[in-house]
Amino acid sequence: MRSNPDPSPSSPSLLDTVLLLALPASGKSEIRRYLGTLTPEQCRTDMHMGPVVQLDDYPYVDLMRRVSRALRAQGENGVFFDSDLLPMKEPLDWGALIELLNEDYAAVLERSRVSPESAGAWMLGRFDWARAQVGAKPAFHDLSPRVRERLIAEIEPACRELVEHRNATIPGSLRGRTVVIEFARGGPEGATMPLQPPVGYGYSLSRLSDDILAGASILYVWVTPEESRRKNEARSPGAADDSVLHHTVPPKVMRGDYGCDDIAWLIERSDRPDTVKLQVRGRTHHLPIARFDNRVDRTSFVRDEQAAWPPEQVRALHDGLSEAFGRLVRARDASALAPKPA
């Protein structure tokens with residue numbers, strides 16, 4: 001486990017790595033924005049978090065859609081998506097996204113920054129590498145040189161921005177910091193449990209690296225699939241804004257990829273309270289989990305300008321998050337004291 005010592009004996013216990021999980025539009029981005037407005041002391045005392053190092057697979061999904069659009073415009077197979085309105089073509093890409101996050105986390109641990117001559121070519125190579133890790137066919141192996149060259153030119157600016165952001169994310173040290181890793185997973189509407197790999201949280205959590213799992217806890221933002229769809233539709237109807245706070249997910253994707261999820265099923269079947277049990281690569285992990293109940297919306301106001309935030313809603317959100325993070329720390333400490341599996 002990564003060492004994350006407290007600054008002083010009287011300081012609150014800090015969380016090493018928080019997996020921020022939820023269905024789309026559940027409030028993850030709003031929570032991140034709110035936490036970003038707090039002072040370091042508030043984060044330590046109320047949320048048990050040090051300065052945050054943020055990892056997220058959404059930029060990769062967005063880039064996959066850009067790649068698919070560029071390929072379709074050349075009359076080629078879209079590889080990842082046949083349309084911006086449809087779910088992923090290859091379900092194993094859910095695992096490939098986790099492999100990209102694993103690589104990003106390793107870069108943070110090793111303080112490894114990159115400066116590729118072509119960011120676009122570098123990113124295509126990463127996609128093919130990540131697919132190979134989960135047993136999926138390489139996406140770009142069979143492209144003709146002409147198509148590949150045009151594709152790289154098309155995505156180069158977005159990939160260069162991704163490289164620069166990735167490098168800027170890497171701190172000089174993780175001492176006293178909390179890594180937040182964000183992703184959303186689910187399964188088709190009406191699916192029965194357990195969700196079958198490679199969909200669902202059970203599969204994606206099992207693909208996380210040993211380094212991540214060793215210090216990970218889960219904060220799950222809890223809404224129903226119906227509320228997730230309602231909030232997704234209400235986010236920014238008809239707007240061109242595709243920012244993290246305002247982007248919307250197409251209806252067929254909401255029902256096909258996020259019509260349900262398996263977090264409740266995973267919690268119910270763990271042999272320790274307030275944990276998700278994983279058996280991965282010959283080891284058993286009990287990931288502490290706390291659910292922040294957002295079934296009655298407590299986060300959407302954060303999308304407004306901060307000066308307009310109603311004080312009573314700010315207090316309700318702050319207290320709710322503080323309580324959830326406190327439960328997470330208690331679950332982590334209780335799990336650490338439990339007998340180790342034979």
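Q: What makes the six strands of this predicted model an open sheet with edges?
A: In this predicted model, the six strands follow the order S2-S3-S1-S4-S6-S5, with mixed pairing, and form an open sheet. Strand S2 (52-56) and strand S5 (275-280) stand at the edges, because each has a single partner strand and one side of each is therefore left without a neighbour in the sheet. From one strand to the next, the twist averages 25°.

Q: How do you know that S5 and strand S6 (residues 283-293) are paired?
A: Two strands count as paired if at least two bridges are found between them, and six bridges join S5 to S6, so the condition for pairing is met. The two strands run antiparallel, and Gln 279 stands opposite Thr 284 in S6.

Q: Which strands does helix H1 (residues 28-36) touch where the helix packs on the sheet?
A: Helix H1 touches strand S1 (17-21), S2, strand S3 (178-183), strand S4 (216-222) and S6, and the direction of H1 makes about 160° with that of S3. Angles over 145 degrees count as roughly antiparallel, so H1 is roughly antiparallel to S3.

Q: Why are H1 and helix H12 (residues 311-337) called roughly perpendicular?
A: Their axes come within 12 Å and cross at roughly 95°; since 65 to 115 degrees counts as roughly perpendicular, H1 and H12 are therefore given that description. In this contact, Ile 31, Tyr 34 and Leu 35 of H1 meet Val 314, Leu 317, His 318, Leu 321 and Phe 325 of H12. By class, the contact has seven nonpolar residues, one polar residue and no charged residues.

Q: Why does the same description, roughly perpendicular, apply to helix H3 and helix H5?
A: Helix H3 (residues 58-73) and helix H5 (residues 119-133) pack at an angle of about 105°, with their axes 12 Å apart, and this angle lies in the range of 65 to 115 degrees, so the two helices are roughly perpendicular to each other. Tyr 60, Leu 63 and Met 64 of H3 make the contact with Met 123, Arg 126 and Phe 127 of H5, and these residues divide into five nonpolar, no polar and one charged.

Q: What makes an empty space count as a cavity here, and how many of 30 Å³ or more are there?
A: A cavity is a set of points where a 1.4 Å probe fits but cannot get out, and by this rule there is one cavity of 30 Å³ or more. The largest cavity has a volume of about 40 Å³, and its lining consists of Met 64, Phe 80, Asp 93, Ala 96, Leu 97, Leu 100, Phe 127 and Arg 131. Helix H4 (93-110) and H5 are the elements that give two or more residues to this lining, and H4 gives the most, with four residues. The lining has six nonpolar, no polar and two charged residues.

Q: What makes the phi of Val 79 notable?
A: Most residues other than glycine have a negative phi, and most peptide bonds are trans. Val 79 has a positive phi of about 65° although it is not a glycine, and Val 79 is found in the loop between H3 and H4.

Q: Which peptide bonds are called cis, and what are their omega values?
A: The bond from Met 193 to Pro 194 is cis, with omega near 0°, and the bond from Pro 197 to Pro 198 is cis, with omega near 15°. Pro 194 lies in the loop between S3 and helix H7 (201-207), and Pro 198 also lies in the loop between S3 and H7.

Notes
Residues are numbered from 1 along each chain as its sequence is written. This is a predicted model: local features need pLDDT of at least 70, side-chain atom pairs count only at pLDDT 80 or more; totals for chains, interfaces and linings use all residues. Side-chain values use heavy atoms; hydrogens and water are left out. Axes are lines fitted to C-alpha atoms, for helices over the stretch in contact, and angles run from 0 to 180 degrees between N-to-C directions. Angles under 35 degrees count as roughly parallel, over 145 as roughly antiparallel, 65 to 115 as roughly perpendicular and the rest as oblique. Contact means heavy atoms within 4.5 Å. Ala, Val, Leu, Ile, Met, Phe, Trp, Tyr, Cys and Pro count as nonpolar, Asp, Glu, Lys and Arg as charged, and the others, Gly among them, as polar. On a 1 Å grid over the protein atoms alone, a cavity is a set of points where a 1.4 Å probe fits but cannot get out, and a pocket is an open set with protein on both sides within 12 Å along at least five of seven lines; lining residues have an atom within 4 Å of a point. Grid points are joined across faces, edges and corners, and a volume is the space filled by probe spheres set on the points.
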